[in-house]
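Here is a short tour to keep beside you while you turn the structure on your screen. Please have the sequence open as well, and take the topics in whatever order suits your bench questions.

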Amino acid sequence: MSDAAQNTHANPIPELQERAARLDAEDGLGKLRERFTLPDGVVYLDGNSLGALPAGVPGAVADVVHRQWGELLIRSWDESGWWTAPQRIGDRIAPLIGAAPGQVTVGDSTSVNLFKALVGAARLAAPGRTRMLVDATTFPTDGYIAASAARMTGLELVPVDPSDALGALGDDTAVVLLNHVDYRTGRLHDLPGLTAAAHAAGALIVWDLCHSAGALPVGLDAHSVDLAVGCTYKYLNGGPGSPAYIYVAERHQGAFDSPLPGWNGHAEPFAMTPDYVPAEGPARMRVGTPDILSMLALESALDAWEGVDVEAVRAKSLALTDFFLECVAAYVPQGRVEPVTPAEHDRRGSQVSLRAEGAREVMAELISRGVVGDFRAPDVLRFGFTPLYVGFADVERAARTLGHIFG
Ligand SMILES: Cc1ncc(COP(=O)(O)O)c(C=O)c1O
């Protein structure tokens, strides 16, 4: 990058712009952008926080409101498939996270599903085990919920850095909770290796997939994961506050004892019996009445995945983040930003985080110039790359704009 070393004022570097154009022209996923409605002139690199609007969602939501609710009224619980939506939509998410049908239930928030998963896992754990290991660097809600779940189930909460998790596992470990991709640094953790290690220690493992589902292959069944949770408003583009999901491997479902045994998870919800009898299969992860408007917006949003191969998404995601790191090195004067996302592909999710002085102000300036990422305290600029709608020219423009700000 000899051009790069000389480029202290973020003038366009023709070689990078030409390469971006070539990469976009060759991009087999490039056409997928048409499945989204994005504002003109905006480079949207915040799909790891709130995914963009899939083009079919407004019409689908209008139909749910006007026809299904407005005209069919209560008949829609059966006739419009409202009642079966949590399982039906779970089965549409399943292939994106490497799960066979019948193991994913949609509903509630990630936080609530974490609670169900952690208490449920503690109740499944072998007797006599006393500790719950939790990713110490995790998104805060995971830590808060884990602390309460541990207290309720009589386990000792042990926060560990994921890189020390292997050493912390022992024959006293009941449950492990880890993030597949760290929300702040974008670091990808070794799901196959850590799952195998937890099992070798006789523990159950719960994975939080919020920052990996829809961005890279997860392989829940292939790696014999026990339980997992994730949100749908990031790389799955379900919309603000769209319902989350919980995966409980089929082998655990019969013994899964939900800490929130609501009437929707009952074997015969309409029998209205005083005693709780859990439904067979994934329906026992349900709690109360599903949030139909959000849930059916999510169902429509998942149409954007029709015919999309998650392996191809991963390949493009790595190409985008590689190119962004290269463009940042070329456009941003040396020493102004420091990548905190690992350079190695097998340790990188679909985001790039850059540490920078004045990161909050820098991000505000970037946004005012049409490049939308986000800021995470205390000093991190976060850029998420959603391969379904982000292209290589977007990447070049984002890095060049960052260079202008620092120039
Ligand atoms: C890793 C992780 N877990 C959990 C959550 C919070 O989920 P919810 O607000 O759906 O409960 C988030 C939100 O961004 C997250 O990034």
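**Briefing: two backbone details, then the architecture**

Serine 224 sits in the loop between S8 and S9. Its phi is positive, about 55°, although serine 224 is not a glycine. Please keep in mind that this is a predicted model. A further backbone detail is the peptide bond from alanine 377 to proline 378, which is cis, with omega near 0°. Proline 378 belongs to the loop between S14 and S15.

**Domains and where they touch**

- The domain assignment of the protein chain gives domain 1 as 2–29 + 308–406 and domain 2 as 58–305.
- Between the C-alpha centres of domain 1 and domain 2 there are 31 Å.
- The contact between the domains involves 21 residues of domain 1 and 15 residues of domain 2.
- Which elements give two or more residues to the side of domain 1 that touches domain 2? They are H12 and S12.
- H12 supplies the largest share of that side of domain 1, with 5 residues.
- By class, the side of domain 1 that touches domain 2 holds 8 nonpolar, 7 polar and 6 charged residues.

**The sheet of 7 strands**

- This open sheet has 7 strands in the order S4-S10-S9-S8-S7-S5-S6, and its pairing is mixed.
- Its edge strands are S4 (104–106) and S6 (156–160), each of which pairs on one side only.
- On average, neighbouring strands of this sheet are turned by 15° against each other, direction ignored.
- Strand S8 (residues 204–208) and strand S9 (residues 227–230) run parallel and are joined by 3 bridges.
- If you want one pair to look at, find aspartate 208, which stands opposite valine 229 in S9.
- Helix H5 (residues 85–93) lies across S4 and strand S10 (245–248), and runs at about 125° to S4.
- Helix H9 (residues 191–200) lies across strand S7 (173–179) and S8, with an angle of about 155° to S8.

**The sheet of 4 strands**

- Here the open sheet follows the order S11-S12-S15-S14, with antiparallel pairing of its 4 strands.
- Why is one side of S11 and of S14 left without a neighbour in the sheet? Strand S11 (337–339) and strand S14 (374–376) stand at the edges with a single partner strand each, so one side of each has no neighbour there.
- From one strand to the next, the twist averages 35°.
- S14 and strand S15 (residues 380–384) are antiparallel partners over 3 bridges.
- Within this pairing, phenylalanine 375 has leucine 381 in S15 as its bridge partner.
- The loop between these strands, S14 and S15, is where you will find proline 378, the residue that follows the cis peptide bond from alanine 377.
- Helix H12 (residues 310–331) lies across S11, strand S12 (351–356) and S15, running at about 25° to S12.
- H12 and S12 are thus worth viewing twice: they are also the elements that give two or more residues to the side of domain 1 that touches domain 2.

**A helix pair**

- Helix H2 (residues 14–26) packs with helix H14 (residues 392–406) at an angle of about 155°, and their axes are 7 Å apart.
- H2 and H14 are therefore roughly antiparallel to each other.
- From H2, the contact uses Leu16, Gln17, Ala20, Ala21, Leu23 and Asp24; from H14, the contact uses Phe392, Ala393, Val395 and Glu396.
- The residues of this contact divide into 7 nonpolar, 1 polar and 2 charged.

**Around the ligand**

- How many residues surround the ligand? There are 13, and the closest are Ser109, Thr110, Ser111, Phe139 and Cys210.
- Helix H6 (110–124) and helix H7 (140–153) are the elements that give two or more residues to this shell.
- Sorted by class, the shell around the ligand has 5 nonpolar, 6 polar and 2 charged residues.

Key: Residues are numbered from 1 along each chain as its sequence is written. This is a predicted model: local features need pLDDT of at least 70, side-chain atom pairs count only at pLDDT 80 or more; totals for chains, interfaces and linings use all residues. Two strands pair if DSSP finds at least two bridges between them. Axes are lines fitted to C-alpha atoms, for helices over the stretch in contact, and angles run from 0 to 180 degrees between N-to-C directions. Two residues are in contact if their C-beta atoms, placed from the backbone, lie within 7 Å. A residue is near a molecule or strand if its C-beta atom, placed from the backbone, lies within 6 Å of it. Ala, Val, Leu, Ile, Met, Phe, Trp, Tyr, Cys and Pro count as nonpolar, Asp, Glu, Lys and Arg as charged, and the others, Gly among them, as polar. Angles under 35 degrees count as roughly parallel, over 145 as roughly antiparallel, 65 to 115 as roughly perpendicular and the rest as oblique. Domain bounds come from an automatic or database domain assignment.
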